[in-house]
Amino acid sequence: MTAPTPAVRDRLRALPGGELPAYLYDLTALRAHAAAVRAALPEAVELYYAAKANPEPEILRALGPYADGYEVSSGGELAHVATAVPARRLAFGGPGKTPDELAAALGQGVHRVHVESLHELRLLAALSARLAPGTPTGILLRVNLPVPERSLAGSALAMGGRPAPFGLDPAQADEAVRLLTDGSCPQLRLHGVHAHLASGLDAPRLLAVAESVLSWTAALAARHGARLTEVNLGGGMAVDYAAPDSRFDWTAYGAGLARLAAAHPGTTLRIEPGRALTAYCGWYATEVLDVKPSHGEEFAVVRGGTHHLRTPAAKGHDQPCAVVPGSAPWPHPWPRPSLRGERVTFAGQLCTPKDVLARGVAAPGLRAGDRVAFGLAGAYAWNISHHEFLMHPRPGFHFLG
Ligand SMILES: Cc1ncc(COP(=O)(O)O)c(C=O)c1O
């Protein structure tokens with residue numbers, strides 16, 4: 001959805017230019033989307049929200065009724081999410097967890113720790129014995145599994161199925177299970193496997209990966225006579241920035257998960273999407289400061305830029321956007337900068353050619369003072385941006401609904 005929702009459009013129109021740029025979140029739209037996702041999933045499939053996509057407390061709270069828990073990937077996220085949505089189940093993942101972070105996770109009593117290496121396993125066992133004796137710590141082994149040939153093709157961000165710092169190499173998984181079943185780590189309870197292998201996959205590809213993760217886990221359990229009753233399939237549901245109105249097929253994905261769950265009775269399936277849950281509820285809204293020609297093209301410079309919305313620079317795409325004509329009269333005696341042609345490149349205020357939000361946007365008649373709402377800005381947007389560069393003011397934040 002590129003076009004802002006009515007609530008977002010109204011707020012964008014009402015905000016004085018000095019209060020732009022601003023992030024505008026439509027929480028009513030977010031709740032409706034999360035409810036639809038939840039309804040498409042089999043009841044038994046657990047849905048965790050990957051807080052890294054957008055950890056704003058209002059977002060975390062809005063997702064509360066639809067999520068079985070939250071995935072956090074640092075001590076900072078752990079503390080933040082535990083405060084914003086207290087007493088919810090947390091899964092703690094991420095490579096390179098420090099002893100302090102693991103200790104904090106034990107202190108919080110997180111539901112699951114996703115253990116990513118043999119060293120981390122031993123460290124967690126030692127910390128757990130010291131800090132939480134008598135309270136078993138539930139873990140999943142994050143494994144960087146081999147995946148069916150070409151199933152990660154099309155992934156925007158493959159994190160597994162190839163050399164990567166994420167998770168255990170499959171060749172070390174047997175040793176990890178041995179340590180967890182031979183009495184070496186009595187404090188730790190192995191519940192199953194975690195595998196977030198890629199981001200940006202469509203439903204058929206994600207299901208193909210899920211099927212291979214489940215078969216691999218069943219074989220691992222059989223080799224060790226272990227009961228592995230949980231498989232966390234990660235997130236990675238595609239968001240198509242080039243086709244913002246097309247959505248990940250949650251219905252097909254839910255039906256596929258139901259088939260996989262039936263084929264693996266006794267195994268709880270869990271997913272932890274981020275981007276595909278929250279991307280659609282956020283807009284980065286701003287104002288055109290200037291419009292000018294340059295070597296045969298035309299540029300509109302907006303308040304703000306990629307230091308607030310790094311997503312297009314990070315992913316190399318054009319952020320989908322919609323123009324909302326400004327209503328204020330032009331206050332200067334000189335002509336209002338306006339687009340002469342049909343297409344414009346929206347650039348930000350930074351002194352770098354990388355500060356481009358969208359190229360070649362059809363915007364006939366665009367003028368300085370018009371407003372632009374960049375959509376799909378509800379995930380990996382503000383929180384992945386380099387806010388301090390050039391010391392421009394921070395955007396406002398509005399949570400609507
Ligand atoms: C371990 C893990 N789980 C879940 C996610 C969420 O992925 P996405 O936002 O693509 O759904 C990520 C993203 O990097 C991740 O690393």
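Gly236 is in contact with His196, Ala198, Ser199, Gly200, Leu201 and Leu206, leaving aside its neighbours within four places in sequence. Two residues are in contact if their C-beta atoms, placed from the backbone, lie within 7 Å. Gly236 sits in the loop between β10 and α9 (250-263). Helices (H or I, at least four residues) and strands (E, at least two) are DSSP runs, numbered from the N terminus.

Is Gly236 buried or exposed? Gly236 counts as buried, because 29 C-beta neighbours lie inside 10 Å. The cut-offs are simple. A residue is buried if 20 or more other C-beta atoms lie within 10 Å of its own, exposed if 12 or fewer, and partly exposed in between, with C-beta atoms placed from the backbone. Gly236 and Ala158 are 78 residues apart along the chain, and their C-alpha atoms are separated by 9.3 Å.

This is a predicted model, in which local features need pLDDT of at least 70, side-chain atom pairs count only at pLDDT 80 or more, and totals for chains, interfaces and linings use all residues. Residues are numbered from 1 along each chain as its sequence is written.

## The barrel

Which strands form the closed barrel? Eight strands do, in the order β2-β3-β4-β5-β6-β8-β10-β11, with parallel pairing. On average, neighbouring strands of this sheet are turned by 30 degrees against each other, direction ignored. For such angles, axes are lines fitted to C-alpha atoms, for helices over the stretch in contact, and angles run from 0 to 180 degrees between N-to-C directions. Two strands pair if DSSP finds at least two bridges between them.

Start with β2 (residues 46-50). Two bridges join β2 to β11, and the two strands run parallel. Here Leu47 has Ile271 in β11 as its bridge partner. Three bridges join β2 to β3 (residues 69-72), also in parallel. In this pair, Ala50 stands opposite Glu71 of β3.

Now take β10 (residues 230-232). Three bridges link β10 to β11 (residues 268-271), and these strands run parallel. Glu230 has Thr268 in β11 as its bridge partner.

## The ligand and Lys52

There are 15 residues around the ligand, and Ala50, Ser199, Gly235, Gly274 and Arg275 come nearest. A residue is near a molecule or strand if its C-beta atom, placed from the backbone, lies within 6 Å of it. How many residues of each class are in the shell? The shell has five nonpolar, seven polar and three charged residues. Ala, Val, Leu, Ile, Met, Phe, Trp, Tyr, Cys and Pro count as nonpolar, Asp, Glu, Lys and Arg as charged, and the others, Gly among them, as polar.

The unreviewed UniProt entry places the feature "modified residue: N6-(pyridoxal phosphate)lysine" at Lys52. Lys52 lies in the loop between β2 and α3 (57-63). Lys52 counts as buried because 21 C-beta neighbours lie inside 10 Å. Beyond its neighbours within four places in sequence, Lys52 is in contact with Ser73, Glu77 and Gly274.

The unreviewed entry also carries the UniProt annotation "active site", which covers Cys351. UniProt positions are given in the numbering used here, feature names are shortened, and annotations may be inferred rather than shown by experiment.

## Exposed loop residues

The table lists residues in loops.

| Residue | Loop | Other C-beta atoms within 10 Å | State |
|---|---|---|---|
| Cys351 | β15 (343-347) to β16 (356-362) | 7 atoms | exposed |
| Pro329 | β14 (321-324) to β15 | 7 atoms | exposed |
| Ala87 | α4 (75-84) to β4 (89-92) | 6 atoms | exposed |
| Met391 | β17 (371-374) to β18 (396-400) | 7 atoms | exposed |

Why does Cys351 count as exposed? Cys351 is exposed because 7 other C-beta atoms lie within 10 Å. Pro329 and Gly369 are 40 residues apart in sequence, yet 8.8 Å apart in space, C-alpha to C-alpha.

## Backbone exceptions

Most residues other than glycine have a negative phi, and most peptide bonds are trans. Some places here depart from that. Ala87 has a positive phi, near 65 degrees. Met391 has a positive phi too, near 60 degrees. Neither residue is a glycine.

Which two residues does a cis peptide bond join? The cis bond joins Leu20 and Pro21, with omega about 5 degrees. Pro21 lies in the loop between α1 (6-14) and β1 (22-26).
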